[in-house]
Amino acid sequence: MKPWAPASMNPMTSTLALACDLIRCPSVTPADAGCLNLLGARLAVDHLVQRGRTRIAHISGPMDMVAGRDRLSGYRQGLAAAGLDDGVDRVANGDFSQHSGETAMRELLARCPDLDAVFCANDLTAIGAIDTA
């Protein structure tokens, strides 16, 4: 068992969803999605910090997409709010695919073997990261 993976981790439910599911919250419009990307990422990092994690990595989405940039910003905001370093050495770029999660996780573990949490930009990336770890 990896130090960041709880014993009950299920790869299909392990990632935190955005703060609000657009289908279940009809008052939230697609125009709000950018805000939710940032907020969802921030809440995910806050959750990890509340569980005692301090060496949190991030596998991002593509930087040419608003969702990828906003989720990275939310990650950084969460680290800053917790008084943790900016995590620049613990960020690996992904493209929202399972394969990119696998590749990025290998890169992160080689660079930072003492990680205690990984925030992935989406579920497919998380599945790739879990499969690799």
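## Strand E1 and its two faces

Let's start with strand E1, which covers residues 56-59 in this predicted model. Ile56 and His58 point one way from the strand, while Ala57 and Ile59 point the other way. That fits a general habit: in a regular strand, side chains alternate between the two faces of the sheet. Here the residues on both sides of E1 are buried.

## Building the sheet

What does E1 pair with? On one hand there is strand E3, residues 117-120, which pairs with E1 in the parallel sense over four bridges. If you want to spot one of the partnerships, look at alanine 57, whose bridge partner in E3 is valine 118. On the other hand there is strand E2, residues 91-92, joined to E1 by two bridges and also running parallel. In this pairing, isoleucine 59 stands opposite alanine 92 in E2.

Put those pairings together and you get an open sheet of three strands in the order E2-E1-E3, with parallel pairing. E2 and E3 are the edge strands, since each pairs on one side only.

## Helix H2, the connector

How do you get from E1 to E2? Follow the chain through helix H2, residues 66-81: E1, H2 and E2 make a right-handed β-α-β unit. H2 lies across E1, E2 and E3 and runs at about 170° to E1.

You can do a quick sanity check on this helix. With 16 residues at 1.5 Å a residue, H2 should span 22 Å, and its end C-alpha atoms are 22 Å apart, so the two agree. Quite a list of H2 residues is buried, including Ala67, Leu72, Tyr75 and Leu79. Glycines are on that list too, among them Gly68, Gly74 and Gly78. After H2 comes glycine 83, with a positive phi near 75°.

## Phenylalanine 96 in the loop

Now hop to the loop between E2 and helix H3 (98-111), where you'll find phenylalanine 96. Its phi is near 75°, a positive value in a residue other than glycine. Is phenylalanine 96 buried or exposed? Its relative accessibility is 17%, and the cut-off for buried is under 20%, so phenylalanine 96 counts as buried.

## Alanine 104 meets the sheet

Inside helix H3 sits alanine 104. With a relative accessible area of 2%, alanine 104 is buried. What does it touch, once you leave aside its neighbours within four places in sequence? The answer is Ile59, Ala92 and Asn93.

Two of those names should ring a bell: isoleucine 59 and alanine 92 are the residues that stand opposite each other in E1 and E2. Alanine 104 and alanine 92 are 12 residues apart along the chain, with their C-alpha atoms separated by 5.4 Å.

## Stepping back

Time for the whole picture. The protein has four helices and three strands, and from the N terminus on, its elements run α-β-α-β-α-β-α. Of its 133 residues, 40% count as buried.

How much of the contact picture comes from residues far apart in sequence? Take the contacts with a separation of 6 or more: residues 24 or more positions apart account for 70% of them. As for the outside, the accessible surface comes to about 7,000 Å², and carbon and sulfur atoms hold 56% of that.

Definitions and conventions. Residues numbered from 1 in each chain as written. Predicted model: local features only at pLDDT ≥ 70, side-chain atom pairs only at ≥ 80, totals over all residues. Heavy atoms only, no water. Buried < 20%, exposed > 50% of the residue type's maximum accessible area, 1.4 Å probe, protein only. Pairing = 2+ DSSP bridges. Right-handed = clockwise from strand over helix to strand, strands pointing away. Expected span 1.5 Å × (residues − 1). Contact = heavy atoms within 4.5 Å. Axes fitted to C-alpha atoms, helices over the stretch in contact; angles between N-to-C directions. Areas by Shrake-Rupley, 256 points an atom, 1.4 Å probe, with all protein chains shown as cover.
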